[in-house]
Amino acid sequence: MLRSLVGSEMCIRDRIGEDLNMCSAARRTDGCLMVAGGFVPENGESSRAVHCFNPASEQWTLMPSLRQGRCCAGAATDGTGALWVMGGGETMQATSSALRGVERLARVVNEWETGPDM
C-alpha cells in the first residue's frame, strides 16, 4: 500500500488540495496514516491541517486542525490510536523559533489536547 501512497494516483496534494512540505506522519494501529502540519510554500507559513489516509478505502479524511501550525515536527501514535505531534518550527526560515509544545489528538473524542512541553 505504501507504493500506491507515493504513486501519482495517491499524491497528497491532489487529494487534500494543499502542497505540503516537511509534514509529519505516523501510522495508527488500525493501519491508517496520519499526516500533520507541514510547510506551505505558497504562503511561507506552517500548516495546522491534519489528514488521515485509510489504506483499505484509499480515502483521505480531514481531521481536526492542530492548535498551532508546525513544520518539521515529530509525530507518533500510541496504543490508544492517539496522534502525538511535538516540536517543529513555525516556518522553514532560519530565524524561526523552535516549538517546544506537544499536542495530542485523542482518537475517542477526536479533539486536540495540549501535552507537556519538551
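Student: Which residue meets Arg 104 in a salt bridge?
Tutor: This is a predicted model. A salt bridge needs a Lys or Arg nitrogen within 4 Å of an Asp or Glu carboxyl oxygen. From Arg 104 the N to O distance is 2.9 Å, so the pair passes that cut-off. The partner is Glu 113.

Student: Is Arg 104 buried or exposed?
Tutor: The cut-off for buried is under 20% relative accessible area. Glu 113, the partner, has 33% and is partly exposed. Arg 104 has 18%, so this residue counts as buried.

Student: Which residues do salt bridges with shared partners join into one network?
Tutor: One pair in the chain is Arg 107 with Asp 30. Shared partners add Arg 28 to these two. The network is Arg 28, Asp 30 and Arg 107.

Student: How far apart are the closest N and O atoms of Arg 107 and Asp 30?
Tutor: The two residues form a salt bridge, so the distance has to be within 4 Å. The closest N and O atoms are apart by 2.7 Å.

Student: How many residues apart in sequence are the parts that Arg 107 and Asp 30 tie together?
Tutor: Arg 107 lies in the loop between β9 (102–106) and β10 (111–114). Asp 30 lies in the loop between β1 (24–27) and β2 (33–36). The pair therefore ties together parts whose separation is 77 residues.

Student: What class of accessibility does Arg 107 fall in?
Tutor: Partly exposed runs between the buried limit of 20% and the exposed limit of 50%. Asp 30 has 37% and is partly exposed. Arg 107 is at 37%, so the class is partly exposed.

Student: Where does Glu 103 lie, given its salt bridge with Arg 70?
Tutor: The side chains meet at 3.2 Å, N to O. The pair links distant parts of the chain, 33 residues apart. Arg 70 is in the loop between β6 (59–63) and β7 (74–77). Glu 103 is in strand β9.

Student: What relative accessibility does Glu 103 have?
Tutor: Arg 70 is buried, with a relative accessible area of 3%. Glu 103 also counts as buried, so its value must be under 20%. That value is 3%.

Student: How many salt bridges does the count come to?
Tutor: Among them are Arg 104 with Glu 113, Arg 70 with Glu 103 and Arg 107 with Asp 30. The count comes to five.

Student: How many strands does the chain have?
Tutor: Along the sequence the pattern is α-α-β-β-β-β-β-β-β-β-β-β. There are two helices, and the strands number ten.

Terms used: Residues numbered from 1 in each chain as written. Predicted model: local features only at pLDDT ≥ 70, side-chain atom pairs only at ≥ 80, totals over all residues. Heavy atoms only, no water. Helix = DSSP H or I, 4+ residues; strand = E, 2+ residues; numbered from the N terminus. Buried < 20%, exposed > 50% of the residue type's maximum accessible area, 1.4 Å probe, protein only.
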